[in-house]
Amino acid sequence: MKNKKEFYLNSVKRRQFLGRGASSMAGAWLSTWPWQKLAAQQDLNPATDDWDAGIVQHLLPAVNESRILIKTSFNRALSETPRLQIQSNGSQRSIDGFMNDTQGEFWQFYATDLQPDTEYELSLQDSTGASLCEPWPLSTFPATQQNPERVRVLFYTCAGGPEGQYFGIGDRQGNLPIAIRQRLLKRGLSFSPQAAVANGDHIYWDLHTWQGERAGELSPAGQQSDFDFSDRVMGGTNELAMKLAAGPQIAPLYGTAFRSTPVFFLQDDHDHWENDSPLTYPVPWFQLQLARTTQQLYYPEFLPDATRSTGLPYSTSSARGELSESFGTLRYGQLLEILLYDVRRTLNVGDLNAMFLDSNVENWLIDRTASRDTRHLVHIPSNPPGWTAGKWGEWYPDVLHPETGRLTTQIPKPHWREGWLNQHDRIMKSLAEMKHRNPLVIAGDLHATGVGEMHGAGNLDFSDNPITNILCGPISTSVRGFPSVVRGVHPAPSQYLNFQEQVTPFEEHGFTIVDFEQDKIVAQLFKWDVKSQPIEAIDSLEPYYTVELDRP
């Protein structure tokens, strides 16, 4: 059987499809996608809970100490505004939805002035007061003056990709089927985390070829999408094409499984509808609008934080709320602060001012790293420090030698900028100087799971307070998504670094569970090998490696 993208786009030409009535077909875009049939035929579906989702197609929440933001879609368009009912301790309030698309299928609910560390009962109702789904609980985080004993967070990366096919152990095509990805996420959720961090690559639909003979031209995905690059994304044919491409990679994967688990989505290169290539940065305007619209429809932006600098790029206050698209904070009382930052959105390729991050973002990171108002502080960049696969858009100068096929820093890396490395050194130096906490970076992107310690960078010595680096593990990676397949090289520490691996990266699917306690951090790494393990093994995965860091 063809994969879902090929099946759908070859069977229904988009222009003909739109010409037969875009509004009615758009309302059923997800229900007509054949992933459900494929999953049923392969019998890969994990057991589902008995919560009644009603007409809710997907639901993803974010919270902080006083706010809730929910992104949701419905399996039919709503012509009138739905409402979110919020109840706790006998009190009740109602929040009007805000329509995020032009058809009434996608809505968000933004509630403010909530009590910290409080469980609320939420319910969705239509304009007549009829329930749209069963009620569910969701808790706000502790306030900054509270000092909780413990919090558990789930980390993973690279969950996107069109539907793949699985024929048995060691035999598959494309990405993991949605149902297997669901099974991995369900196993992660079985450990009852208070929050989850999805680190980049929520979709894969690169609009241009990024290597090979046709570099820079429209990719097959770009040709099939048939976007009008001169028009806006929202409204008309571009909006529907975006939903058809991105929706089946996100909505059926999450469904309503995360309704009570706040999730923090960080974007990376593929979320800007492109791989990292010198041909496609800075991000073209149309693709930037695609990235922002995908986020607007499917998953929450970052909620405000009092200690996050004002005026950071892509941080705005509008009718949809006070939100940041690319730079976020997960703050859990005085116990934990997690800094999340997208290094692609503001990537600068100029000779004189090359940086991954806007200088205001860098200043915020360094200022917060030096702070003392939380017991633990963790960096979550969208591109991983420590390791390299010789790609262009990395922090490091390592490149594949054309003759030996090995990574080296002895020859120039085309189009790479030393300013990126200089910024890396400043950020890593700030972490190593954080003597009152354990320096910790948890990253994704490399489609691997592993652990290492950074003891130095160039002439900088971090040996008296080395930085622990964790690759959290990918949920969905295609056969050609692993560096050893597509590039012919495994992820490796950069030769620029003094770096010691505790776990050489495994190119296997997985996730990481981290417990932040008063006096220590315990990270448990999980992996599943599609080439050697049955699907059923996912349901009982146990950590293959544990990192324990005692707080200074």
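Which residues is L124 in contact with, leaving aside its neighbours within four places in sequence? The legends below describe a predicted model, and the second view answers the question.

**View 1. The whole protein chain of the predicted model.** The chain contains 11 helices and 30 strands. Of its 552 residues, 61% count as buried. About 20400 Å² is exposed, and carbon and sulfur atoms supply 46% of that area. Among contacts between residues at least 6 apart in sequence, 73% join residues at least 24 apart.

**View 2. Surroundings of L124 in the largest nonpolar core.** Beyond its neighbours within four places in sequence, L124 is in contact with V56, L59, F74, R83, L84, F109, A130, S131, L132, C133 and W136. The core has 53 residues, of which L124, W136, F155, L336 and F516 touch the most other members. Another core lies apart from this one; it has 48 residues, including A159, L176, L189 and I250.

**View 3. An open sheet of 6 strands.** The strand order is 13-12-9-28-29-30, with mixed pairing. Strand 13 (263-266) and strand 30 (545-550) are the edge strands, each pairing on one side only. From one strand to the next, the twist averages 15°.

**View 4. Strands 9 and 28 with helix 5.** Strand 9 (residues 150-157) pairs with strand 28 (residues 509-517) in the antiparallel sense, over 6 bridges. V151 stands opposite F516 in strand 28. Helix 5 (residues 178-189) packs on the sheet and touches strand 9, strand 28 and strand 29 (520-528). The direction of helix 5 makes about 15° with that of strand 28.

How values were computed. Residues are numbered from 1 along each chain as its sequence is written. This is a predicted model: local features need pLDDT of at least 70, side-chain atom pairs count only at pLDDT 80 or more; totals for chains, interfaces and linings use all residues. Side-chain values use heavy atoms; hydrogens and water are left out. Two strands pair if DSSP finds at least two bridges between them. Helices (H or I, at least four residues) and strands (E, at least two) are DSSP runs, numbered from the N terminus. Axes are lines fitted to C-alpha atoms, for helices over the stretch in contact, and angles run from 0 to 180 degrees between N-to-C directions. Contact means heavy atoms within 4.5 Å. A nonpolar core is a set of buried Ala, Val, Leu, Ile, Met, Phe, Trp, Tyr and Cys residues joined through side-chain atoms within 4.5 Å. Buried means under 20% relative accessible area, exposed over 50%, partly exposed in between (1.4 Å probe, protein chains only). Accessible areas come from the Shrake-Rupley method with a 1.4 Å probe; for residues, only the protein chains shown count as cover.
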